[in-house]
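Colleague: I am new to this structure and would like a close look at a single part of it. Could you take me through one strand and the loops on either side?

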Amino acid sequence: MAIQSSQKNAGGIRKAAVIGSGVMGAGIAAHLANAGMRVVLLDVVPQKLTAEEERQGLTLADAKVRNRLAAAAVARMSKASPAQLYDPSWTSRITPGNLDDHLAALSEADWIVEAVVERLDIKREVLAKIETARSPGTIVSTNTSGLSAASMVEGRSEEFRQHFGVTHFFNPPRYMKLVEIVGTKDTSPEVVRLLTEICEKRLGKGVVLAKDTPNFIANRIGTYGMLITLEDTLAYGLTVEEADALTGPAMGRPKTATLRMLDLVGLDTLLHVVDNVRERSSDPAEQAIFARPPLLEQLAASGRLGEKTGAGFYRKVKGKGGSEIETLRLDTLEYGPKRPVSSPVIDASKAAKGAAGKVNALLRTDPRDRYAKFAWSTIKKTLLYAAAQVGVIADSISDIDRAMRWGFNWELGPFELWDAIGLRDSVQRMQKEGDAIPEWVSGLLAAGNESFYKSQGNERVYAASGAYKLEEAEADSISIAALKASGKTVFSTPGASLIDIGDDVALLEFHSQNNAIGGDILSAITQSAKEVSQNWRGLVLANEGRNFCVGANLMLLLMEAQSGEWDEVEDIIRFFQSSMLQLKRLDRPVVAAPHRMTLGGGVEACLPADQIIYSPETYFGLVETGVGLIPAGGGCKEAAAMAAERASAASSGKPGGDLQPHLNLLFETIALAKASSSGFEVSRLGLMRPQDRVIMRQEARFAEAKRAVLELDRAGYPPQAEGRIRVAGREGKAVLKVAVQAMQLGGHISEHDALIAGKLGAVLAGGDIQAGAEVSEQYLLDLECEAFLSLCGERKTQERMSHMLATGKPLRN
């Protein structure tokens with residue numbers, strides 16, 4: 001039986017159904033809604049009334065009661081933290097119901113996702129129900145972290161089995177990149193292809209293909225790594241703090257490290273995963289590896305399951321100075337104050353750059369050190385286990401590495417890590433220590449190879465079946481790192497580089513600390529504008545940093561302000577403003593592609609672009625008021641221009657139009673230092689322009705931005721001419737001032753907040769001039785500069801700047 005004609009490609013999936021409204025089911029439903037799908041969310045019918053339902057006089061026959069579980073899950077979505085939806089209003093895309101009354105709705109679904117509790121018997125029962133209602137050819141997938149896919153569909157028809165597979169989302173589904181797709185021997189290759197396309201293109205996920213083995217790829221290796229770490233922690237006599245200090249960023253892994261991660265996951269959950277591997281394995285060695293650790297059993301038996309119960313390896317208690325973190329003493333199972341960890345080995349790892357540098361520092365600074373020995377033991381065992389699973393849990397080392405990077409947030413997958421510490425040298429050490437090396441790894445070295453991966457131009461190949469195979473790049477992605485490695489850098493400064501990304505399009509990449517904008521980046525913008533104007537079709541502003549740009553170099557500004565070097569401060573502002581104007585006036589198209597934190601000066605670097613292409617996870621905002629300042633790199637000027645353009649559009653393009661409502665929104669956004677919780681929410685804050693858009697795949701941002709540049713160029717790009725901006729003037733300024741006074745009188749803002757907001761309102765309104773007057777861009781830039789300099793001289797502003805630099809948090813003074 002073929003896939004329904006409407007489902008031939010990912011774009012044909014318009015309606016989905018999710019069965020199960022628990023944490024994962026609700027999260028998946030929310031993310032399908034994020035992708036624009038209409039979703040039916042179904043759960044079981046409750047068998048008992050709540051006290052509130054009894055008070056309301058409801059009965060078990062009432063729809064409100066029968067739909068309670070799914071309806072409650074939908075209601076929680078708009079308030080969830082972290083947010084499940086890109087826009088809270090998108091709960092309207094999800095219809096709650098129940099399996100008894102609304103099963104027939106499955107006949108209209110293009111894709112059905114089963115996400116009920118992790119019990120094989122219950123999943124089989126639900127899948128049997130689904131088969132009675134679904135239309136032939138509809139794809140059905142299960143979200144399971146490791147149960148047997150083949151066992152789930154025993155007894156189902158051949159046609160059902162052909163359209164069935166696993167789509168294992170990681171929690172939370174919106175934020176975690178990994179989806180493991182697993183087929184059975186009966187699953188149609190076309191179904192696997194379509195599920196991959198849906199997850200990659202519609203949902204923005206990274207897909208790996210796993211085999212139908214216990215816990216698939218990431219949980220299999222990740223769980224093994226946790227068990228080995230716990231075993232070695234006890235064997236080497238380490239404390240909880242020491243184990244986590246060594247298995248977090250020092251190994252290129254998240255700050256949650258191992259034991260803190262166990263608390264977050266839940267000790268009972270880990271034991272369930274361990275049991276699943278052991279019970280499904282027929283290999284005695286594997287069964288021994290996944291035996292239940294006695295320590296975990298003791299903690300679980302005493303109700304210490306981690307964060308969900310308030311105690312595990314860590315617990316939070318109330319102290320005299322507020323909440324304090326205590327750690328488990330592994331010898332007594334009592335708790336005590338969290339203790340700092342320091343050693344030359346750890347210090348060397350912290351000082352090293354990049355994951356490879358940190359791990360090598362950890363292992364090589366003093367190999368005789370107890371910490372180094374522990375690190376080597378856990379790393380060695382994990383690498384050997386991962387190598388033994390090639391061909392068992394996945395066919396390619398690339399999929400294994402990607403699964404660990406995307407699912408566990410490791411900076412390097414196991415085979416990338418093995419390359420980083422030196423494959424041949426590390427294998428020789430393992431052999432000296434009596435470890436058995438997987439035959440395929442020995443064969444790779446015997447053939448004269450020195451690594452699992454090799455570079456070939458802009459591409460990478462990986463070891464596979466005695467040869468090297470081209471690694472399939474993520475769909476529609478451009479690797480800036482690979483381009484730089486292959487000599488595509490046009491020029492480079494300490495803070496930024498101009499890269500050739502093909503088709504005569506250049507990309508300006510920021511790479512300063514935190515991608516904060518300082519003089520080196522501004523100089524690179526000036527140099528790039530000249531270079532692109534002469535030799536390129538257009539420019540993309542984007543980078544591969546953790547964040548696009550966290551703003552201007554606040555430390556430099558504070559130092560100059562505290563020293564009273566006001567001419568220097570003004571020079572910095574004027575340089576910033578002129579650099580942004582060069583981008584805006586460039587005679588070639590400019591497209592910005594921000595991602596994640598894009599704050600303050602980062603926003604001001606985007607707004608001059610002809611188009612902004614947002615990643616879904618873009619946290620975008622002019623947040624300068626949080627440090628006692630206002631935007632002065634053109635942010636206020638661009639906001640005033642947007643208000644004028646919207647007023648004109650609202651009056652059908654005729655001169656005039658009420659500026660105030662548009663100005664009010666932007667004033668509120670900037671004055672309250674609001675930042676979007678997603679790329680989609682930028683519109684609600686008033687910072688998105690008609691030509692801007694959001695894409696679902698962050699990894700496609702470079703390719704999308706490049707296409708946008710080429711399209712603008714093909715259309716015959718007209719450079720942006722300097723125009724006049726109609727402003728609200730003294731009347732608009734007065735309206736904003738009244739709003740500020742009301743906030744202050746209501747106790748919502750401080751006196752200093754009111755001072756900042758007053759200066760912001762004056763700039764946005766165009767100062768003390770007639771309402772409706774048209775002013776130049778430079779006029780507004782001058783107002784920005786004057787207000788910024790004035791605020792820099794305020795003691796309370798300098799206190800806010802110092803506090804932000806010291807704590808990373810705003811000060812309200």
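Modeller: What follows is a walk through one strand, its flanking loops and one residue inside it. Please keep in mind that this is a predicted model. The strand is S17, which covers residues 505-510 and holds Leu508. Leu508 counts as buried because its relative accessible area is 1%, where buried means under 20%. Leaving aside residues up to four places away in sequence, Leu508 touches a set of residues that includes Ala496, Ser497 and Leu498, together with Ala524, Ile525 and Ser528, and also Leu539, Val540, Leu541 and Ala542. As for Thr489, it is 19 residues from Leu508 in sequence, and the two C-alpha atoms are 10.0 Å apart in space.

Turning to the loops, Asp503 is found in the one between strand S16 (496-500) and S17, while Asn514 lies in the one between S17 and helix H23 (519-535). Most residues other than glycine have a negative phi. Asp503, however, has a positive phi of about 60° although it is not a glycine, and Asn514 likewise has a positive phi of about 60° without being a glycine. Their accessibility is described in separate terms: Asp503 is partly exposed, with a relative accessible area of 48%, whereas Asn514 counts as exposed because its relative accessibility is 52%, where the cut-off for exposed is over 50%. Taken along the chain, then, this part holds the buried Leu508 in S17, with Asp503 in the loop between S16 and S17 and Asn514 in the loop between S17 and H23.

Notes
Residues numbered from 1 in each chain as written. Predicted model: local features only at pLDDT ≥ 70, side-chain atom pairs only at ≥ 80, totals over all residues. Heavy atoms only, no water. Helix = DSSP H or I, 4+ residues; strand = E, 2+ residues; numbered from the N terminus. Buried < 20%, exposed > 50% of the residue type's maximum accessible area, 1.4 Å probe, protein only. Contact = heavy atoms within 4.5 Å.
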